[in-house]
Each structure stands twice: as structure tokens, then as C-alpha cells.
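Biologist: I'd like a close look at one part of this model, with the surroundings sketched in afterwards. Keep it chatty, but spell out your cut-offs.

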Amino acid sequence: MTDHKLIGIFDSGVGGLTVARHIGRELPHTPYIFFGDTLHVPYGGRRAEEVVSFIDAICHHLIKSGAGVLVMACNTSSALAFDHVVSWSNVPVIGIIEEAAKAAVATSKSGRIGVLANALTAGSGAYERACAKAVSSLSKEDVQVTPVGCPKLVPLIERGEIDGPNVEAALREYWQPLCEAKVDTVILGCTHYPFVRPVLERIAGEGVKVIDPALYVVERLKGLGFADVDGEKAENLRRYQVSGDALDFAKVSSQLLGQAVGPVEHVEL
């Protein structure tokens with residue numbers, strides 16, 4: 001049975017917790033179920049058709065579990081399967097690409113926008129299309145979008161590495177083409193990347209604005225009627241599920257967030 005107050009959130013791994021964390025802070029009385037597809041992470045090196053099949057299974061599972069809205073806390077999912085899931089889902093679906101693109105277009109002064117993402121998202125053209133749409137809706141001048149694939153970042157973050165020489169070396173490598181493009185705004189095109197945002201900001205410098213799509217998901221939820229209400233907080237009504245090892249997920253996610261996450265349940269789809 002669908003619970004219109006229950007939010008279903010999913011990602012390929014721990015990255016979607018950056019979205020879940022923001023939802024939890026802004027809507028502390030609203031329950032959610034988070035699903036991490038840790039058995040198949042990272043999505044960036046997989047075939048698009050394979051990723052879409054994973055997303056279908058996860059969305060069907062969340063709806064069957066009672067979710068009244070689906071939050072694709074995964075840029076690859078939003079890039080490859082948003083329209084597909086919308087076509088069959090009987091509950092609203094929220095992606096994170098269009099809202100982030102709109103914020104980046106509104107923020108950029110030079111019209112030069114960078115996107116750090118995994119290879120599938122970077123090569124999909126999703127952010128270029130979303131920024132072009134935002135230019136039209138905001139009556140702004142045209143923008144130049146430079147996407148960069150970052151295959152090294154998700155494996156590092158999934159291991160709990162969010163600082164240190166490996167992370168810094170990877171981010172310096174991925175920042176170089178954005179520096180050459182003279183971007184003044186960068187979209188974190190993967191929900192894992194907010195965990196390494198401090199390192200990126202140190203490398204990019206104060207003149208570059210960083211857009212975290214997670215911040216705009218809550219506004220969409222509020223627009224769908226998920227306004228916060230008084231009452232008991234929903235921590236005990238929040239569930240965490242993974243397709244891989246539950247103990248590993250609990251350990252890494254608790255380390256990344258600086259607080260206990262769980263209990264975590266292993267679910268086979």
C-alpha cells in the first residue's frame with residue numbers, strides 16, 4: 001500500500017546519503033526509505049541498458065514498499081532513466097539534474113559552467129540539455145557547459161576516502177579541463193561528490209561557485225506537499241537497505257556522515 005508521506009530515495013551507493021541527509025535535516029518529521037545499489041556500484045562504467053534495468057528493479061521495490069514519491073539521488077539514474085521511470089511510475093518522480101542546471105545557470109556570471117560526473121552522466125548530454133532549457137526558462141544568455149568524467153572518485157569515496165593525496169590528485173586531474181575552460185560555476189554531477197567538496201573548493205579557489213543538487217530536492221518535495229509538520233521526529237521511521245553487504249555500508253556511511261547510520265538491511269531484488 002502506498003504511503004503518501006513515505007519518501008523513497010535511491011542511489012548506486014553511499015552518495016545518495018548526501019541527499020537523504022539534507023531531506024532529513026529539512027523535513028525531520030518525514031519518514032523515508034533509502035536504497036543503495038552497492039552490489040552494482042559504480043554505475044559509470046556499465047552499459048546504459050544494464051543500469052536502466054537496475055533502476056527499474058529498485059523503483060518497483062520502493063513503490064511496493066510503500067513509497068509515495070521516488071527521489072533519484074543519482075545523476076546517472078536521472079540522466080539515463082528519468083523519463084522512462086516517469087512513463088510507468090504511479091507515484092511522482094524527482095530527478096536532480098534539471099534543478100541543479102537551473103541553479104547553475106542562475107548563479108554563473110560568465111556563462112561558463114563545469115560538470116563533474118561519472119563517465120555515463122558526463123557523456124549523456126543530460127546537463128547540456130538541462131542548462132539549455134534553464135537558459136530559456138530564465139531568459140538568460142546562452143551558456144557553455146563543460147562536462148568531465150571522473151571515474152576515480154566514486155571508488156575512493158565508497159572506500160571512505162574523502163581527503164588525502166589520492167583524492168587531491170584525482171580532483172586536480174579533473175579540475176584541469178574546467179580551469180582551462182575558465183568556468184566560474186561547477187555542478188557536482190554525482191551525489192557522492194559533496195563528500196569531497198572541501199578538497200574541490202580548495203583546488204578551485206574562492207571565485208568558483210559549487211552547486212550541490214541535493215539542496216534543491218527538498219524544494220521539489222515541498223512543492224509536492226511534503227511540508228514539515230510538528231510532531232515526533234522520524235528517525236525511527238527511516239530505513240536503509242542495500243543490495244550488497246549491509247555491514248560494510250553501515251560502516252562506511254557512518255564514517256562519511258560522522259554519525260551512526262542504520263540499521264541497514266540487505267535486500268535482493
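Biologist: Which strands does helix H9 lie across, and at about what angle does H9 run to E8?

Modeller: Some ground rules before I answer. This is a predicted model, so to speak of local features I need a pLDDT of at least 70, and side-chain atom pairs count only at pLDDT 80 or more, while totals for chains, interfaces and linings use all residues. Residues are numbered from 1 along each chain as its sequence is written, and side-chain values use heavy atoms, with hydrogens and water left out.

Now to your helix. H9, residues 197–204, lies across E5, E7 and E8, and runs at about 150° to E8. Helices (H or I, at least four residues) and strands (E, at least two) are DSSP runs counted from the N terminus. Axes are lines fitted to C-alpha atoms, for helices over the stretch in contact, and angles run from 0 to 180 degrees between N-to-C directions. Contact itself means heavy atoms within 4.5 Å.

What does H9 lie on? Its three strands belong to an open sheet of four, in the order E6-E5-E7-E8, with parallel pairing. The edges are E6 and E8 (209–211), each of which pairs on one side only. On average, neighbouring strands here are turned by 25° against each other, direction ignored. Two strands are said to pair if DSSP finds at least two bridges between them.

E5 has a partner on each side. It pairs with E6 (residues 144–149) over six bridges, in the parallel sense, and with E7 (residues 185–188) over four, again in the parallel sense. You can follow both pairings from Gly 114: its bridge partner in E6 is Thr 146, while in E7 Gly 114 stands opposite Val 186. Look at Ile 113 as well, whose bridge partner in E7 is Thr 185. In a regular strand the side chains alternate between the two faces of the sheet. As for E5 (residues 112–117), it is mostly covered, with five of its six residues buried; buried is under 20% relative accessible area, exposed is over 50%, and partly exposed is in between (1.4 Å probe, protein chains only).

The loops leading into these strands are worth a glance. Ahead of E7, in the loop that follows helix H8 (165–180), you'll find Lys 182. Its phi is near 60°, positive although the residue is not glycine. Lys 182 is exposed, at 61% relative accessible area. Then there's Asp 142, in the loop between H6 and E6. Asp 142 is exposed too, at 66% relative accessibility. Asp 142 and Arg 159 sit 17 residues apart in sequence, and their C-alpha atoms are 39 Å apart in space.

That brings us to H6 (residues 126–137), which packs with H4 (residues 97–107) at an angle of about 55°, their axes 8 Å apart. That makes H4 oblique to H6; under 35 degrees counts as roughly parallel, over 145 as roughly antiparallel, 65 to 115 as roughly perpendicular, and the rest as oblique. The H4–H6 crossing is right-handed, that is, the near helix is turned clockwise from the far one by less than a right angle; left-handed would be anticlockwise. Residues making this contact include Ala 100, Ala 101 and Val 105 of H4, and Ala 130, Ala 134 and Val 135 of H6. By class, the H4–H6 contact has 10 nonpolar, no polar and three charged residues. Here Ala, Val, Leu, Ile, Met, Phe, Trp, Tyr, Cys and Pro count as nonpolar, Asp, Glu, Lys and Arg as charged, and the others, Gly among them, as polar.

For another helix pair, look at H1 (residues 17–26) and H10 (residues 214–223), which pack at about 50° with axes 9 Å apart. H1 is therefore oblique to H10, and this crossing is right-handed. Among the residues in contact are Val 19 and Ile 23 of H1, and Leu 215, Val 218 and Leu 221 of H10. This contact divides into seven nonpolar, two polar and two charged residues.

Last, two backbone oddities. The Val 41 to Pro 42 peptide bond is cis, with omega near -5°, and Pro 42 sits in the loop between E2 (32–36) and H2 (48–64). The bond from Gly 262 to Pro 263 is cis as well, with omega near 5°.
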